[in-house]
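Hi,

Here is the structure I promised to pass on. Have a look at it first, and then read my notes underneath.

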Amino acid sequence: MLIGKAYRSGGLVRWCGVQPLACLFTSSSNMAKSKFEYVRNFETDDTCLRNCYIVVRLDGRNFHRFAEQHRFTKPNDNRALGLMSRSARSVMEELEDIVIAYGQSDEFSFVFKRTSTWFKRRASKIMTHVASQFSSSFVFYWKEFFGEQPLLYPPSFDGRVVLYPSNRNLKDYLSWRQADCHINNLYNTVFWTLVQKGGLTTAQAEDRLKGTLAADKNEILFSEFDINYNNESDLHKKGTTLIWEKRDEIVTKRMKLPNEEEKDVAVTRSRRRVEAYHCDIIGDQFWEEHPDILEDNSC
């Protein structure tokens with residue numbers, strides 16, 4: 001019920017006093033226009049350059065403390081690594097323009113295809129969506145990997161956006177991250193072996209490894225602890241690579257055939273799914289086996 005007085009002006013009925021709701025909210029275009037709209041001019045243009053791969057890399061913020069307070073296993077906690085991969089899969093399933101993702105330790109990189117138009121290629125929109133989806137998934141799937149161990153406080157991840165104009169640039173970026181995985185994992189494996197099996201303090205183990213090369217670290221593991229680093233898990237040594245692949249699956253459908261009663265029929269269908277690999281992506285073999293990941297450089 002409206003309060004006010006109606007009068008006719010120019011063929012239209014207008015109201016004095018309280019206006020009808022329709023007059024207050026006429027259209028989105030009229031609502032957007034106001035004397036305050038000038039503040040939009042302060043927004044910066046962060047549109048990503050066209051024909052470039054958009055890479056969003058997330059890193060755990062202060063995850064050393066997070067790992068300690070949640071009693072992560074050293075040097076690698078498979079529960080945490082599984083949770084990271086599950087969260088990354090959630091991001092890929094939400095944003096299907098991501099063609100490949102690579103993760104190790106507390107970081108994950110997401111590669112959007114060169115022709116992607118998600119969020120009009122605005123860097124801030126892309127980065128914040130990836131970060132929020134990943135963070136919320138990390139919390140959502142926590143119990144799936146850690147059971148009844150409580151999540152003491154919400155984790156946080158910072159992100160950055162980098163553009164790579166060519167296939168070679170992108171492959172070199174991913175190679176850099178996997179090389180980093182190998183270097184860090186070898187160090188951590190030796191470090192925690194010296195602490196857990198060698199009886200050294202963390203300060204002593206750090207001092208022991210100062211100035212050592214990869215060959216020295218391998219020698220310590222083999223000669224002192226009978227550990228062959230080559231036999232360590234590929235998940236730990238090479239990280240996790242996620243890509244889209246088509247998989248055939250058999251489902252049962254209730255169907256009615258001509259002149260027959262309804263019955264269950266097995267039907268094969270092909271679906272795109274995110275698959276995980278723990279393999280070398282620095283060499284050519286992975287890329288030759290998965291040629292659909294990279295786009296033509298002439299695009």
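Below is what I found, going from the whole protein to one spot and then to the nonpolar cores.

First, keep in mind that this is a predicted model. The protein has 299 residues, and 37% of them count as buried. You can pick out 11 helices and 8 strands. If you take the contacts with a separation of 6 or more, 68% of them are between residues 24 or more positions apart. The accessible surface comes to about 18500 Å², and carbon and sulfur atoms make up 51% of that.

Now for the spot I'd zoom in on. UniProt, in an unreviewed entry, lists Asp-59 and Asp-106 under "binding site". These two span 48 residues in sequence, but their C-alpha atoms are no more than 5.9 Å apart, so they gather at one spot. Of this set, Asp-106 is part of the lining of the largest pocket.

Where does Asp-59 sit? Look in strand β3, which runs over residues 53–60. Is Asp-59 buried or exposed? Its relative accessibility is 14%, and buried means under 20%, so Asp-59 counts as buried. Leaving aside neighbours within four places in sequence, Asp-59 touches Asp-106, Glu-107, Ser-156, Phe-157, Asp-158 and Arg-160.

Asp-106, for its part, is in the loop between β4 (98–104) and β5 (107–112). With neighbours within four places in sequence left out again, Asp-106 is in contact with Leu-58, Asp-59, Gly-60, Phe-63, Met-84 and Phe-157.

On to the inside. In soluble globular proteins, nonpolar side chains tend to be buried together. Here, the largest nonpolar core has 33 residues, and Phe-110, Phe-134 and Phe-138 have the most contacts inside it. The elements that give two or more residues to this core are β3, α3 (63–69), α4 (78–94), β4, β5, α5 (123–140), α6 (142–146) and β7 (240–256).

Try clicking on Phe-110 to see what surrounds it. Not counting neighbours within four places in sequence, Phe-110 is in contact with a list of residues that includes Ile-54, Val-55, Val-56, Leu-58, Ala-88, Val-91 and Phe-134. Apart from this core lies another one, of 17 residues, and among them are Leu-170, Tyr-173, Phe-286 and Ile-293.

If you want a place to start, colour Asp-59 and Asp-106, the two residues from the UniProt entry, and then add Phe-110, Phe-134 and Phe-138 from the largest core.

Cheers

Technical notes: Residues are numbered from 1 along each chain as its sequence is written. This is a predicted model: local features need pLDDT of at least 70, side-chain atom pairs count only at pLDDT 80 or more; totals for chains, interfaces and linings use all residues. Side-chain values use heavy atoms; hydrogens and water are left out. UniProt positions are given in the numbering used here, feature names are shortened, and annotations may be inferred rather than shown by experiment. On a 1 Å grid over the protein atoms alone, a cavity is a set of points where a 1.4 Å probe fits but cannot get out, and a pocket is an open set with protein on both sides within 12 Å along at least five of seven lines; lining residues have an atom within 4 Å of a point. Helices (H or I, at least four residues) and strands (E, at least two) are DSSP runs, numbered from the N terminus. Buried means under 20% relative accessible area, exposed over 50%, partly exposed in between (1.4 Å probe, protein chains only). Contact means heavy atoms within 4.5 Å. A nonpolar core is a set of buried Ala, Val, Leu, Ile, Met, Phe, Trp, Tyr and Cys residues joined through side-chain atoms within 4.5 Å. Accessible areas come from the Shrake-Rupley method with a 1.4 Å probe; for residues, only the protein chains shown count as cover.
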